[in-house]
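Work through the following exercises on strand pairing and helix packing. Each task is followed by a solution in steps.

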Amino acid sequence: MTNNGLRGNYENMSDDFRVAQNYANYTSDHQDVWRRLYQRQLELLPNRASSVFINSLKQLDFANEIPRFDIVNQQLLAATGWELIGVPGLLPDEVFFTHLANRRFPVTIWIREPHEFDYIVEPDLFHDFFGHVPMLFNQHLADYVQAYGLGALKAFKLGGLTYLARLYWYTIEFGLVLEPEGLRAYGAGILSSPGELAHATAPILPASEIATRQWLHFDLVRMMQTRYQIDCFQSTYFAIDSFEQLITETAPDFSLLYKALNKLPVLSPDAHEATDQRL
């Protein structure tokens, strides 16, 4: 198989795209990039990241070196029954969802180079680990991610994968949660990005004011109708009341929902609907 222009070495992987982490391949420059990325995000987390994320990150304590997957797996398996597997980079949808359905989280083994410190096109080790792994220590989110993988495999046959991709984007990647102290981020795309973290958790403006972003209450249909942006900050964020809500509201079978969505319009990322429930 070729990598089709994707970054990462896909030559020595197993049939399910696993590769060894090969920790000795990380150079001092790679370790330095990790430490600087980690420290930058750590300073931005207070009053922006969910309490679950912050508490899990403290337990992991990998501020000074790139994490070793085998060590993390000892903690993660005991906590929620998940394990990390090394992968060369982006995976085909079915491979990715199969891993999630079996409580295996793929983590890219390579980390960005020093000149890519502020921006990188494809998710790297820092995004995958720092953004996603701490939240897998929360039982509710860990169960949600597995249920998502199982649902996505079913969606292949039902023509619902586009809708599920939007759900993944607005929850696992760019989700917010309403905590007693205020609005906090739990999505990996927010937590691993300094710019997005500030953008997503900025003071909420009144609906009457023109703004570059809006915050809406969790709305399953609205999320699945809404396209997302991959090359700029998000225009719309959805906030859950709790992680229990995330599990409860996505538990029903989506078969009939996909049919209903096929009859509804696709909404732009910055759409404003009269029925929107704004924070």
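**Exercise 1. Describe the pairing of β5 with β6 and the connection between them.**

Step 1. Strand β5 (residues 214-217) and strand β6 (residues 236-240) run parallel and are joined over four bridges. Strands are DSSP runs of E with at least two residues, helices are runs of H or I with at least four, and both are numbered from the N terminus. Two strands pair if DSSP finds at least two bridges between them.

Step 2. Opposite Tyr237 in β6 stands Trp215.

Step 3. From β5 the chain passes through helix α10 (residues 220-225) to β6, a β-α-β crossover that is right-handed. That hand applies if, with the strands pointing away from the viewer, the path from the first strand over the helix to the second runs clockwise.

The model is predicted: local features need pLDDT of at least 70, side-chain atom pairs count only at pLDDT 80 or more, and totals for chains, interfaces and linings use all residues. Residues are numbered from 1 along each chain as its sequence is written, and side-chain values use heavy atoms, with hydrogens and water left out.

**Exercise 2. Place the strands in their open sheet and find its edges.**

Step 1. The open sheet has four strands in the order β4-β3-β6-β5, with mixed pairing.

Step 2. β4 (182-185) and β5 are the edge strands, since each pairs on one side only.

Step 3. On average, neighbouring strands of this sheet are turned by 40 degrees against each other, direction ignored.

Step 4. Strand β3 (residues 176-179) and β4 run antiparallel, joined by four bridges. Glu179 stands opposite Gly182 in β4, and β3 and β4 form a hairpin with two residues between them.

**Exercise 3. Classify the packing of α6 against α7.**

Step 1. Helix α6 (residues 139-158) packs on helix α7 (residues 161-173) at an angle of about 165 degrees, and their axes are 9 Å apart. Axes are lines fitted to C-alpha atoms, for helices over the stretch in contact, and angles run from 0 to 180 degrees between N-to-C directions.

Step 2. This angle makes α6 roughly antiparallel to α7. The classes are roughly parallel under 35 degrees, roughly antiparallel over 145, roughly perpendicular from 65 to 115, and oblique for the rest.

Step 3. The crossing of α6 and α7 is left-handed. A crossing has this hand if the near helix is turned anticlockwise from the far one by less than a right angle, and is right-handed if clockwise.

Step 4. Among the contact residues are Tyr144 and Phe156 in α6 and Leu161 and Ile172 in α7; contact means heavy atoms within 4.5 Å. The contact of α6 with α7 has 12 nonpolar, two polar and no charged residues. Ala, Val, Leu, Ile, Met, Phe, Trp, Tyr, Cys and Pro count as nonpolar, Asp, Glu, Lys and Arg as charged, and the others, Gly among them, as polar.

**Exercise 4. Repeat the classification for α4 with α6 and for α1 with α5.**

Step 1. Helix α4 (residues 93-101) and α6 pack at about 140 degrees, with axes 7 Å apart. They are therefore oblique to each other, and the crossing is left-handed.

Step 2. The contact of α4 with α6 includes Asp93, Glu94 and Phe97 of α4. By class, nine of its residues are nonpolar, three polar and two charged.

Step 3. Helix α1 (residues 28-44) and helix α5 (residues 125-132) pack at about 40 degrees, with axes 11 Å apart. That makes α1 oblique to α5, and their crossing is right-handed.

Step 4. Trp34, Leu37, Tyr38 and Gln41 of α1 meet Leu125, Phe126, Phe129 and Phe130 of α5. These comprise seven nonpolar, one polar and no charged residues.
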